[in-house]
Amino acid sequence: MGRDVIIACDFNSKEEVIAFLGKFKDEKPFVKIGMELFYAEGPEIVRTIKGMGHKIFLDLKLHDIPNTVKKAMAVLSGLDVDMCNVHAAGTRGMMQAAIEGLTRADGTRPLLIAVTQLTSTSEEVMQKELWIEKPIDETVMHYAKNTMEAGLDGVVCSPLEAGKVHEVCGEKFLTITPGVRFADGDVGDQKRVTTPAKARELGSDYIVVGRPITQAEDPVAAYRRCVEEFVG
Ligand code: C5P
């Protein structure tokens with residue numbers, strides 16, 4: 001799969017997300033559905049959006065015992081999502097079980113990526129509260145390596161970490177990167193941001209873009225601008 005732009009559809013109702021996606025007449029963007037929408041609307045929202053022709057990254061960040069994750073992943077695979085994710089902190093065993101659960105009878109499966117350390121966790125909290133004593137950047141790279149060794153396809157990270165992740169885990173290991181803003185846009189609550197063009201230069205495979213597209217006056221134009229800058 002090549003580079004692509006994934007729109008973070010952080011809406012909390014079916015009506016809002018359908019109205020938003022209805023604006024796209026000529027293209028079918030890859031969309032990310034998160035916990036809020038999934039828990040509000042249930043699996044039917046995935047079937048509906050899939051039925052409209054979109055690819056779906058279902059961002060539910062599973063983290064439980066391997067057997068539970070395996071069974072839950074089998075359900076998500078049956079929903080025909082294109083990408084889903086787990087927490088790398090769940091262990092390599094859990095990640096391997098996730099792949100087993102995702103793999104369909106014909107050998108195909110959705111892409112599976114892992115979250116390393118959430119960007120909301122500071123190094124101080126990680127060390128003092130979670131008792132993970134290593135520096136946060138080393139922890140992130142170590143979790144990325146665990147993810148690769150478990151056979152997953154990639155990790156969520158900052159575009160600023162994409163190069164290092166590829167160095168450690170190989171060029172084919174995918175980097176899915178949020179924290180993207182247009183050069184002339186609002187940063188909002190994101191701390192370290194890059195433009196779509198910069199994310200491409202840094203080696204991101206997929207950018208996840210929410211508000212710069214969903215809150216734009218013309219979301220279709222904003223999406224096209226992202227694609228132009230990132231995919232070319
Ligand atoms: O609106 P915005 O472009 O900031 O949305 C980014 C999306 O990526 C949101 O759905 C957010 O939850 C997600 N995300 C993030 N940073 C991470 C992991 C996920 O912004 N480290």
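**Exercise 1. Is Cys84 buried or exposed, and what is its disulfide status?**

Step 1. Cys84 has a relative accessible area of 0%, so Cys84 is buried (under 20% relative accessible area; exposed is over 50%, partly exposed in between, with a 1.4 Å probe and protein chains only).

Step 2. Before going on, a word on what you're looking at: this is a predicted model, where local features need pLDDT of at least 70, side-chain atom pairs count only at pLDDT 80 or more, and totals for chains, interfaces and linings use all residues. Residues are numbered from 1 along each chain as its sequence is written, and side-chain values use heavy atoms, leaving out hydrogens and water.

Step 3. Now the sulfurs: a disulfide is a pair of cysteine sulfur atoms within 2.5 Å. By that rule the count is zero disulfides. For Cys84, the nearest cysteine sulfur belongs to Cys9 and sits 17 Å away.

Step 4. Try Cys157 too: its nearest cysteine sulfur, that of Cys169, is 9.4 Å away, and Cys157 is in no disulfide. Cys157 counts as buried, at 6% relative accessibility.

**Exercise 2. Which parts does the salt bridge between Asp80 and Arg104 tie together?**

Step 1. Check the pair. A salt bridge is a side-chain nitrogen of Lys or Arg within 4 Å of a carboxyl oxygen of Asp or Glu. For Asp80 and Arg104, the closest N and O atoms are 3.5 Å apart.

Step 2. Find the places. Asp80 is in the loop between α4 (66-78) and β4 (83-87), while Arg104 is in the loop between α5 (92-102) and β5 (111-115), so the bridge ties together parts 24 residues apart in sequence. (Helices, H or I with at least four residues, and strands, E with at least two, are DSSP runs numbered from the N terminus.)

Step 3. Look at the cover: Asp80 is partly exposed at 38%, and Arg104 is partly exposed at 25%.

**Exercise 3. How many residues apart are Glu124 and Lys128 in helix α6?**

Step 1. Count along the helix: they're four residues apart, which means about one helical turn separates them.

Step 2. Their side chains meet in a salt bridge, 3.3 Å from N to O. Both Glu124 and Lys128 are exposed.

Step 3. For the whole structure, the search finds 16 salt bridges.

**Exercise 4. What is the sign of phi in Trp131?**

Step 1. Recall the background: most residues other than glycine have a negative phi.

Step 2. Phi of Trp131 is near 60°, a positive value.

Step 3. Trp131 lies in the loop between α6 (123-128) and α7 (136-149), and Trp131 is exposed at 72%.
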